[in-house]
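Here is my note on the model, in numbered points. Please read it alongside the coordinates.

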Amino acid sequence: MNTTAETLQSAIEFAVDSHRGQVRKGNKRPYILHPLSVMARLMHIKDSSINIYTLACAAVLHDVVEDTTFTANDIEEKFGTRVKNLVLGVTEDKHITDWSLRKKAYLEHLALTDRDTQAISAADLLDNRRSLLEGLKSDSQFWRFFIASPKM
């Protein structure tokens, strides 16, 4: 699939619809601001091995499979195999219920992916850390939202 500006517009609209009603943990801002921020961070990359619109589509859709009812097949139908593969490359396996094991599996998987997938992950991590700093400014008890409870 040839990814164009029109495809990116569709991906943004799909992400907005997919995340409608969701809010960020801790600060209660509309969730869609996060994928849009991840996408914006990646738009400055000049050395991507793929079409910048493909990278931007995957970035704005990066949490759809993980955090909504939509599937990888839905992404592939609408935006193509490459976008789907990039999204899956940054999707954690929610079947792994132990937080530390899930994060370890994600990092092991990420090490085997391409630079474009790793760039999306890096932009995601960067935006998540920015959100943490903002949360700490407004709520001294902000960390209570991020305590991982061990599974018994």
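**Helix packing and salt bridges**

1. Helices α3 and α6 are oblique to each other, where oblique covers angles outside the roughly parallel (under 35 degrees), roughly antiparallel (over 145) and roughly perpendicular (65 to 115) ranges. Their axes cross at roughly 45 degrees and come within 9 Å, with α3 spanning residues 52–60. Axes here are lines fitted to C-alpha atoms, for helices over the stretch in contact, and angles run from 0 to 180 degrees between N-to-C directions. The crossing of α3 over α6 is right-handed, that is, the near helix is turned clockwise from the far one by less than a right angle.

2. Which residues make the contact of α3 with α6? From α3 come T54, C57 and A58, and from α6 come R82, V83, L86 and V87. Contact means heavy atoms within 4.5 Å. By class, the set holds five nonpolar, one polar and one charged residues. Nonpolar takes in Ala, Val, Leu, Ile, Met, Phe, Trp, Tyr, Cys and Pro; charged takes in Asp, Glu, Lys and Arg; the others, Gly among them, are polar.

3. A word on provenance. This is a predicted model, in which local features need pLDDT of at least 70 and side-chain atom pairs count only at pLDDT 80 or more, while totals for chains, interfaces and linings use all residues. Residues are numbered from 1 along each chain as its sequence is written, and side-chain values use heavy atoms, with hydrogens and water left out.

4. The overall layout is helical. The protein chain has eight helices and zero strands. Both kinds of element are DSSP runs numbered from the N terminus: helices are H or I of at least four residues, strands E of at least two. Of the 152 residues, 41% count as buried, meaning under 20% relative accessible area; exposed is over 50%, and partly exposed lies in between (1.4 Å probe, protein chains only). Take the contacts between residues at least 6 apart in sequence: 64% of them join residues at least 24 apart.

5. Now α2 against α3. These two helices pack at an angle of about 155 degrees, their axes 8 Å apart. That angle makes α2 roughly antiparallel to α3. The contact uses P35, L36, V38, M39 and L42 of α2, and I52, L55, A56, A59 and V60 of α3. The class split is 10 nonpolar, no polar and no charged. As for handedness, α2 passes α3 in a right-handed crossing.

6. A40 belongs to helix α2, residues 33–42. A40 is partly exposed, at a relative accessible area of 39%. Its C-alpha is 8.7 Å from that of V60, and the two residues are 20 apart in sequence.

7. Helix α1 (residues 5–18) also packs on α3: the axes come within 9 Å and cross at roughly 0 degrees. That makes α1 roughly parallel to α3. A5, T7, L8, A11, I12 and A15 of α1 meet Y53, A56, C57 and V60 of α3. Here the residues divide into nine nonpolar, one polar and no charged.

8. On to charge pairs. Side chains of opposite charge can pair when their charged atoms come close. A salt bridge is a side-chain nitrogen of Lys or Arg within 4 Å of a carboxyl oxygen of Asp or Glu. How many salt bridges does this rule give? The count is 10. R41, D127 and R130 are linked in a network of them.

9. E76 pairs with K84, with the closest N and O atoms 3.6 Å apart. Is each partner buried or partly exposed? E76 is partly exposed at 28% relative accessible area, whereas K84 is buried at 15%.

10. R102 and E92 form a salt bridge with the closest N and O atoms 2.9 Å apart. R102 sits in helix α7 (residues 99–110) and E92 in the loop between α6 (81–89) and α7, so the pair ties together parts that are 10 residues apart in sequence. Both R102 and E92 are buried.

11. K104 bridges to E108, at 3.4 Å between the closest N and O atoms. K104 and E108 are four residues apart in helix α7, so about one helical turn separates them. E108 is partly exposed, with 47% relative accessibility.
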